[in-house]
Amino acid sequence: MIDQTYFDLRMTYQQIGQKLTISISELAKFWSISTKQVKRRLRAYEEQKLLHYYPGQGRGHLTQIIFQSSFRDEVIMEMKQAIVTEDTITIFYLLKLSVPASWLASFRGNLTNFLGIQTYSENKRVLRQLATRPITTLDPVQVAIRREYQLVLQLGDTLVQFDEGLKAGLAHHWQSNNDATVWTFYLRKGVRFHNGKTMTAVDVKRTFERVRNEVGESYWQLVNLVDIILLADDIVQFKFSAPEPLFVRYVVDAKYVIVDCDVEFDEIHWVGTGAFQVTESTDTTFKLAAFDDYYGLRPMIDEVVYYLVDDWKVVSGLLNPADYGNHDYVKKKHTFPGAEFIISNLKRPTIIQQPFVRSALYHVIDTRVYDGIGGIPASHYDSRDSAVRRDKTLAQAQKN
């Protein structure tokens, strides 16, 4: 693995060339260590044949450092080694450096091939992807971001799934009474959690109890829930104080993913029944592995690895349209269903309490700007009740 303290030094003083004249105190400040540690570090680098170190003789005399190789050659050599050993920390560190693009241009094909799907000799298929932000939470109840939401549905399953209509999930069948106050779900037998435990109706009940505790008993989807009854190991019944004709549609949501409630809940490493399970979660890597005992179709990909890179320069540098040769490269913009809000707390003594401020916001957020982007400006969830006014102007916002 690369010595980043050494490369930070070379990066900072690369314009000077291979000969650096500097004081020990300046190096101590640069590395945030003592002068004694600086001298020890320079001697270690000298033993590694990275540089020659000539201490300043006497007070006020500067230290002289002569690097044995050019910075360009060192960067190229480290990248070659990192690609061979699949040292992703070094790869992404080097890609972040502000060095001429030509230094690493020859590696672009290797790096692009490193991503995507790779098949190894033991017939193991690995999908590697870049992510520009870390995983926030994978708690099914708390998850709110699309990427994390989709990951939750890979790690666990709901009683019922939705794919152009309702279909069986962990429950192979379900029914309600005439007024939809009682819903009964019949569970698949032999479904296993990632830890090998067999799922039963007890796990379903405890999962829904956990959801209700997290979201509150007044949550609109569960506000009428009276009781959860275990009729058998594979039959669970929900009783409501009022008709809930849409309950079966509610349970397709990721918050109702069934978890092993005998295991202490961890917002990243919780135990589910899904096609994948989390095997690694660090500041730099998030890794999923296929679950061999999955009750459904086993994934064709054996492992998925997300490399967390908090620098868009790295991502844009790897995905260069020019690398696609004669193939047409089309940048596509995906539109996802959803809504965006501006929410404020009128009970707090902030500027939002001023009616003129709210009026100005109304005019600044002009729905007409969305006309060419896609989507439908609305003032209500139901488009039939929506009345979008077109009398907004920036001039009126400035006047307010």
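This report describes the fold content, cores, selected residues, salt bridges and a surface patch of a predicted model.

## Overall composition

The protein has 400 residues, and 37% of them count as buried. Its secondary structure consists of twelve helices and 14 strands.

The accessible surface amounts to about 24,200 Å², with 50% of that area belonging to carbon and sulfur atoms. Among contacts between residues at least 6 apart in sequence, 56% join residues at least 24 apart.

## Nonpolar cores

In soluble globular proteins, nonpolar side chains tend to be buried together. In this model the largest nonpolar core contains 44 residues, and F7, L42 and L97 have the most contacts inside it. Beyond its neighbours within four places in sequence, L42 is in contact with I24, L27, W31, L51, Y53 and I65.

A second core, separate from the largest one, has 30 residues. Its members include A180, F208, I258 and V271.

## Strand β1 and I22

Strand β1 covers residues 19-22, and I22 belongs to it. I22 has a relative accessible area of 2%, so it counts as buried, the limit being under 20%.

Setting aside residues within four places in sequence, I22 is in contact with Y13, L27, L62, T63 and I65. One of these partners, T63, is 41 residues from I22 in sequence, yet the two C-alpha atoms are 5.4 Å apart. Two residues in the contact list of I22, L27 and I65, also appear in the contact list of L42.

## Helix α7 and the loop before it

Helix α7 spans residues 146-155 and contains E148. Is this acidic residue, E148, buried or exposed? E148 is buried, because its relative accessibility is 0%. The side chain of E148 has two polar partners described here. With the side chain of T136, E148 makes a polar contact at 3.0 Å. With the side chain of R147, E148 forms a salt bridge, at an N to O distance of 3.7 Å. R147 itself counts as partly exposed because its relative accessibility is 22%. The salt bridge therefore joins a partly exposed residue, R147, to a buried one, E148.

Leaving out residues up to four places away in sequence, E148 touches R133, P134, I135, T136, T137, L138 and V143. I135, one of these, is in the loop between β5 (125-131) and α7. I135 counts as buried because its relative accessible area is 14%. Outside the residues up to four places away, I135 touches R147, E148, L151, I268 and F286. The C-alpha atoms of I135 and L308 are 8.8 Å apart, although the two residues are separated by 173 positions along the chain.

## Salt bridges

The whole structure contains 17 salt bridges. Besides the pair R147 and E148, two further pairs can be described. K287 and E280 form a salt bridge whose closest N and O atoms are 3.3 Å apart. E280 is partly exposed, because its relative accessibility is 28%.

R298 and D302 are joined through their side chains, with an N to O distance of 3.0 Å. R298 is partly exposed, having a relative accessible area of 36%. D302 has a relative accessible area of 18% and is therefore buried. Which residues are linked in a network of salt bridges? The network links K197, D203, R206, D260 and D262.

## A nonpolar surface patch

Nonpolar residues are also found on the surface: I342, L361, V364 and I365 form a patch there. Together the four residues of this patch have about 330 Å² of accessible area.

I342 is located in the loop between α10 (312-318) and α11 (355-364). I342 counts as exposed because its relative accessibility is 59%, where exposed means over 50%. I22, by contrast, is buried at 2%, and I135 is buried at 14%.

Key
Residues are numbered from 1 along each chain as its sequence is written. This is a predicted model: local features need pLDDT of at least 70, side-chain atom pairs count only at pLDDT 80 or more; totals for chains, interfaces and linings use all residues. Side-chain values use heavy atoms; hydrogens and water are left out. A nonpolar core is a set of buried Ala, Val, Leu, Ile, Met, Phe, Trp, Tyr and Cys residues joined through side-chain atoms within 4.5 Å. Buried means under 20% relative accessible area, exposed over 50%, partly exposed in between (1.4 Å probe, protein chains only). Contact means heavy atoms within 4.5 Å. Patches are made of residues with over 30% relative accessible area and no salt bridge: like charges are joined within 9 Å, nonpolar side chains (Val, Leu, Ile, Met, Phe, Trp, Tyr) within 5 Å. Accessible areas come from the Shrake-Rupley method with a 1.4 Å probe; for residues, only the protein chains shown count as cover. Helices (H or I, at least four residues) and strands (E, at least two) are DSSP runs, numbered from the N terminus. A polar contact is a pair of N or O atoms within 3.5 Å; within protein, one must be able to donate a hydrogen and the other to accept it, and residues adjacent in sequence count only if both atoms are side-chain atoms.
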